[in-house]
Amino acid sequence: MIEATSCGGVVIFRGKILLLYKNYRNKYEGWVLPKGTVEPGEEYKDTAAREVKEETGVSAAIIKYIGNSSYSFSVPEDTVRKQVHWYLMMADSYYSRPQREEYFLDSGYYKYHEAWHLLKFANEKQILERAYSAYMELKRNHLWGLRKPY
């Protein structure tokens, strides 16, 4: 078994969530949250911010650690067990640009219920639920938008 670690973000701007659409060799991959592999010596929060920027073109501020998810998948030589650390992040505009080199063909901000239905993977839906709940709590307490971590 190969162990792998990634980090990503649930990026919110004006209540909407940033998603990416992946399509590899005309094979539907689906809508996903931005995430990617931790580089040697990199802190998880730095990986999350870097991967969001690389995959979407969005410079987002990290607000809060949301938790992690894990899943496994097969590659020709072995099985990969991946753990993903997730952060609630805040963007400062609706701008996004999908990273074509990683087969992302589209990106955009969606209302919570739209994002939840678009997301392909159950574990990402659970992370979205957690992140959006944290966002709503910060908003209720007039803390969202201050751009400082909690």
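**Exercise 1.** In this predicted model, work out whether Tyr-132 and Tyr-135 are buried or exposed, and how their rings are arranged.

*Solution.* Start with accessibility: Tyr-132 and Tyr-135 are both buried. Next, place them in the fold. Both belong to helix 3 (residues 122–140), and being 3 residues apart there puts about one helical turn between them. Now look at the rings of Tyr-132 and Tyr-135: their centres are 5.2 Å apart and their planes meet at 45 degrees, so this pair is tilted. Finally, widen the view, and you will find Tyr-132 and Tyr-135 in one aromatic cluster with Tyr-112 and Trp-144.

**Exercise 2.** Classify the ring pair of Phe-13 and Tyr-94, and say which parts of the chain the pair ties together.

*Solution.* A good opening step is the overall tally, which is 11 aromatic pairs. For Phe-13 and Tyr-94, the ring centres lie 4.7 Å apart with the planes at 90 degrees; since planes over 60 degrees apart count as edge-to-face, that is the class of this pair. Then locate the partners: Phe-13 is in strand 1 (residues 2–13), while Tyr-94 is in the loop between strand 6 (78–90) and strand 7 (104–110), so the pair links parts 81 residues apart in sequence. Last, check accessibility. Phe-13, at 12% relative accessibility, is buried, whereas Tyr-94, at 39%, is partly exposed.

**Exercise 3.** Find which charged residue sits over the ring of Trp-116.

*Solution.* Look above the ring of Trp-116 and you will meet the charged end of Lys-125, 4.1 Å from the ring centre. That distance is within the 6 Å cut-off for a charge over a ring.

Conventions
Residues are numbered from 1 along each chain as its sequence is written. This is a predicted model: local features need pLDDT of at least 70, side-chain atom pairs count only at pLDDT 80 or more; totals for chains, interfaces and linings use all residues. Side-chain values use heavy atoms; hydrogens and water are left out. Rings of Phe, Tyr and Trp (its six-membered ring) pair if their centres lie within 6.5 Å; planes under 30 degrees apart count as stacked, over 60 as edge-to-face and the rest as tilted. Helices (H or I, at least four residues) and strands (E, at least two) are DSSP runs, numbered from the N terminus. Buried means under 20% relative accessible area, exposed over 50%, partly exposed in between (1.4 Å probe, protein chains only). A charge sits over a ring if NZ of Lys or CZ of Arg is within 6 Å of the ring centre and within 35 degrees of the ring normal.
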